[in-house]
Amino acid sequence: MTRPIYIRNAAELITFAGSSQSPLTGAAMGELHPIANGSIWIENGVIQAVDRDEVICNQYRNQLGDALIIDASEKLVTPGLVDPHTHLVFAGSREAEFDMRLKGRSYMDIMEAGGGIHATTTATRQASKAQLIAESAHRLDRFLLHGVTTVEAKSGYGLNLEHELKQLEAAQELNEKHPVDIVSTFMGAHVIPVNRRENPDHFVDEVINEMIPEVARRGLAQFNDVFCERGVFTPEQSRRILEAGVVHGLLPKIHADEIEPYGGAELAASLQAVSADHLLKASHAGIKAMATAGVIAVLLPGTAFFLMTAAADGRRMIDAGVPVALSTDCNPGSSPTVSLPFIMNLGCLWMGMTPAEVLAATTINAAHAIRCADRIGSLEVGKQADLVIHNVSDHRGLQYHFGSNHTHTVVKNGKIVVEAGSLVSSLPL
């Protein structure tokens with residue numbers, strides 16, 4: 001048995017208790033109900049009690065001498081942050097393309113000329129699995145330093161069975177070794193490979209008939225994603241790919257309406273996808289359909305920021321009743337960041353969301369977007385002890401002091417993995 005952990009006297013303790021069954025929507029996203037002088041008792045990686053400090057202290061008074069006591073006075077305590085959309089496992093970098101875009105080239109122009117996703121595919125195919133694991137572990141360390149305790153990780157830089165499996169196997173090994181939990185998504189339908197453009201439907205058939213069955217057979221992914229966009233995969237092709245995934249037990253997700261209105265939000269609603277992501281150009285009808293179907297909107301303002309385009313209308317989606325989550329979209333081409341706190345800043349300053357709403361969008365709603373809300377995303381008795389102690393005393397301070405990393409301490413599965421803003425020396429990898 002491990003030593004109990006007693007976190008006490010938080011200026012604000014945000015729990016999101018009672019939200020594990022369904023994501024928060026509408027006004028509920030802005031209702032935090034913080035506990036002042038809040039405390040948490042943890043044993044064997046599981047939360048045993050959450051309440052005011054006087055209640056916890058009295059309840060466990062006979063065990064105080066055995067506990068590791070962490071004073072959270074003048075600090076904010078929240079659930080561990082959850083990033084529900086990343087392309088974590090890849091090789092290479094694309095600074096040259098960044099320079100090209102600053103000189104006027106568009107993201108789609110660069111990709112159609114063989115850059116973009118194709119460039120990362122080449123680098124990822126050339127990399128060994130060991131190299132992918134090492135580079136991705138470094139990214140996971142930096143996620144931890146920003147308070148992120150769980151990430152979703154997509155494949156999609158292999159674009160054939162061998163290298164898609166390599167990416168997913170790397171993510172699986174990282175999940176086993178690194179403190180950050182990884183939920184994997186198969187995204188073999190990320191783009192049509194350069195040498196398959198003459199007959200894209202043949203590649204779609206390959207994804208459906210070869211890749212999806214093998215990924216599912218090996219248990220390497222929980223979700224199946226597709227980039228539904230003009231010049232990538234049509235709504236009809238996307239439907240075929242997502243429906244094939246469902247047959248093999250892979251839950252549907254979709255990159256939707258990022259560049260132009262293309263019916264992706266409507267498709268997500270018709271398939272009752274777990275989430276539709278990006279949505280910069282989603283139609284009013286698509287947003288309404290998502291709200292009715294309960295599809296989570298995973299919004300990625302860092303991508304819009306980096307590509308210098310307008311962000312998705314998070315305010316409109318929340319007001320329409322769509323459950324909203326936020327993510328970094330960590331990837332080498334359109335959002336090379338691991339700073340979910342900065343994404344939260346953008347949610348407030350650029351998308352019209354409140355500090356309370358962005359906190360809901362990066363904890364409990366993000367957990368729902370990767371079907372993990374039964375064990376993470378809120379601080380409740382019986383849940384996994386994933387939490388962050390922030391160097392602010394009020395949740396609004398996370399966004400008011402923008403561009404800063406306020407993470408002080410991170411507890412993952414009941415173990416301290418970040419202390420005083422630094423990784424603990426005993427971390428694996």
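**Questions on a sheet, a domain interface and a covered helix**

An open sheet of 6 strands runs in the order β2-β6-β15-β16-β17-β18, with mixed pairing, and the model in which this sheet is found is a predicted one.

Trainee: What makes β2 and β18 the edge strands?

Mentor: Each of them, β2 (12-13) and β18 (422-423), pairs on one side only, and these two strands stand at the ends of the order β2-β6-β15-β16-β17-β18.

Trainee: How do you know that β15 and β16 are paired, and in which sense do they run?

Mentor: Pairing requires at least two bridges between two strands, and 4 bridges join strand β15 (residues 387-390) to β16, the two running antiparallel. Within that pairing, the bridge partner of H390 is T407 in β16.

Trainee: What supports calling β16 and β17 a pair?

Mentor: The cut-off is again at least two bridges, and β16 and strand β17 (residues 415-419) pair over 3 bridges in the antiparallel sense, with I416 in β17 as the bridge partner of V411. In the hairpin that these strands form, 2 residues lie between them, and N413 takes a positive phi near 55 degrees.

Trainee: Why is β16 described as largely enclosed by the rest of the structure?

Mentor: A residue counts as buried under 20% relative accessible area, and 5 of the 6 residues of strand β16 (residues 407-412) are buried, so the strand is largely enclosed by the rest of the structure.

Trainee: Why is T149 called buried?

Mentor: The relative accessibility of T149 is 1%, so with the threshold at under 20% this residue counts as buried. T149 lies in strand β8 (residues 148-154), and its contacts beyond the neighbours within four places in sequence include D181, V410, V411 and K412.

Trainee: What makes the meeting of D181 and K412 a salt bridge?

Mentor: The rule asks for a side-chain nitrogen of Lys or Arg within 4 Å of a carboxyl oxygen of Asp or Glu, and the side chains of D181 and K412 meet at 2.9 Å, N to O, so the pair satisfies the rule.

Trainee: How many salt bridges does the rule find across the interface of domain 1 and domain 2, and what else describes that interface?

Mentor: The rule finds 1 salt bridge there. The domain assignment gives domain 1 as 5-80 + 377-423 and domain 2 as 81-370, with C-alpha centres 29 Å apart. In contact across the interface are 40 residues of domain 1 and 36 residues of domain 2, while the area buried between the two domains is about 2700 Å², of which carbon and sulfur atoms give 69%.

Trainee: How do you know that helix α9 is mostly covered?

Mentor: With buried taken as under 20% relative accessible area, 6 of the 8 residues of helix α9 (residues 264-271) are buried, namely G264, A265, L267, A268, A269 and L271. The elements covering these residues include α8 (235-247), β11 (251-256) and α10 (284-293), and after α9 comes Q272, whose phi is positive, near 50 degrees.

Trainee: Where does UniProt place the feature "transmembrane region"?

Mentor: The unreviewed UniProt entry places that feature at residues 289-308. In the model, this span is 60% helix and 20% strand, and its end C-alpha atoms lie 28 Å apart.

Conventions: Residues are numbered from 1 along each chain as its sequence is written. This is a predicted model: local features need pLDDT of at least 70, side-chain atom pairs count only at pLDDT 80 or more; totals for chains, interfaces and linings use all residues. Side-chain values use heavy atoms; hydrogens and water are left out. Buried means under 20% relative accessible area, exposed over 50%, partly exposed in between (1.4 Å probe, protein chains only). UniProt positions are given in the numbering used here, feature names are shortened, and annotations may be inferred rather than shown by experiment. Domain bounds come from an automatic or database domain assignment. Contact means heavy atoms within 4.5 Å. Buried area is the accessible area (1.4 Å probe) that two parts lose on being put together, summed over both.
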